[in-house]
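Trainee: Please take me closely through the salt bridges of this model, with the cut-offs that lie behind each term. I would like one connected account of where the partners sit and how accessible they are.

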Amino acid sequence: NGSGNCVMGITAAPQEYDTFVKLAIERPDVEKTYKTFFGDIYQLDVRLLPEFDVVTLFHLCEFRTEKNDLYGALTDREVTDMLTDKTRPGGYILFYTKSFAFDTAAKVIAQWEKEAKVEKVGMYETLLVYRKTA
């Protein structure tokens, strides 16, 4: 849309990934600044991640189960910490308060807020917004 933004997304939903692949084929210009990867967020490797201006954790606590423990997956808190570490100072971390798992996520967020170098900015519609301070 001319904003100059670059987006990197990850999805574990095959239908979402297939939709992205179809879009990339039909409109190759989109893929210049918009990338979507198929994968498990609980298996992200910090060495492969760029520095982010904005991180969205809209599905925090929605999909992790004890099955993830079988393959040494990250926890929701570890994912939050890793993505916070990869957010540049002054960047934003956003959470979706209407998630079906937000009650659980809110506990992770509360502890993270106490320990991470972030400040709560406030609410924007259904989004809980934080800024990384250092």
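Mentor: A residue is called buried when its relative accessible area is under 20%, exposed when that area is over 50%, and partly exposed in between, with a 1.4 Å probe and only protein chains considered. Met-8 can serve to show the scale in use: its relative accessibility is 37%, and therefore Met-8 counts as partly exposed. The residue belongs to strand β1, which covers residues 7-11, where helices (H or I, at least four residues) and strands (E, at least two) are DSSP runs numbered from the N terminus.

Everything here rests on a predicted model, in which local features need pLDDT of at least 70 and side-chain atom pairs count only at pLDDT 80 or more, while totals for chains, interfaces and linings use all residues. Residues are numbered from 1 along each chain as its sequence is written, and side-chain values use heavy atoms, with hydrogens and water left out.

Now to the salt bridges themselves, each of them a side-chain nitrogen of Lys or Arg within 4 Å of a carboxyl oxygen of Asp or Glu. By this rule, eight salt bridges are counted in the model.

One of the pairs joins Arg-88 to Asp-53, with an N to O distance of 2.4 Å between their side chains. Because Arg-88 lies in strand β4 (residues 87-96) and Asp-53 in strand β3 (residues 52-56), this pair ties together parts that are 35 residues apart in sequence. Both ends fall in the middle accessibility class, since Arg-88 has 30% relative accessibility and so counts as partly exposed, and Asp-53, at 46%, also counts as partly exposed.

Another strand-to-strand pair is that of Arg-131 and Glu-119, whose side chains meet at 2.7 Å, N to O. Arg-131 is in strand β6 (residues 127-132) and Glu-119 in strand β5 (residues 118-124), so here the parts tied together are 12 residues apart in sequence. Arg-131 has a relative accessibility of 26% and is therefore classed as partly exposed, and Glu-119, with 35%, is likewise partly exposed.

The pair of Asp-81 and Arg-77 has a helical setting: the closest N and O atoms of this salt bridge are 2.8 Å apart, and both residues lie in helix α3, four residues from each other, which is about one turn of the helix. Asp-81 has a relative accessible area of 25%, and for that reason it is partly exposed. This pair is also part of a wider arrangement, for Arg-77, Asp-81 and Glu-115 are linked in a network of salt bridges.

Two further residues help to place these partners. Helix α3, which holds Asp-81 and Arg-77, also contains Thr-84, and because the relative accessibility of Thr-84 is 5%, this residue counts as buried. From Thr-84 to Asp-29 the separation is 55 residues in sequence and 30 Å in space, taken from C-alpha to C-alpha. Ile-25, in turn, is found in helix α1 (residues 14-26), and with a relative accessibility of 63% it counts as exposed because of that value. The C-alpha atom of Ile-25 is separated by 27 Å from that of Asp-53, the two residues being 28 residues apart along the chain; Asp-53 is the acidic partner that meets Arg-88 in the salt bridge at 2.4 Å.
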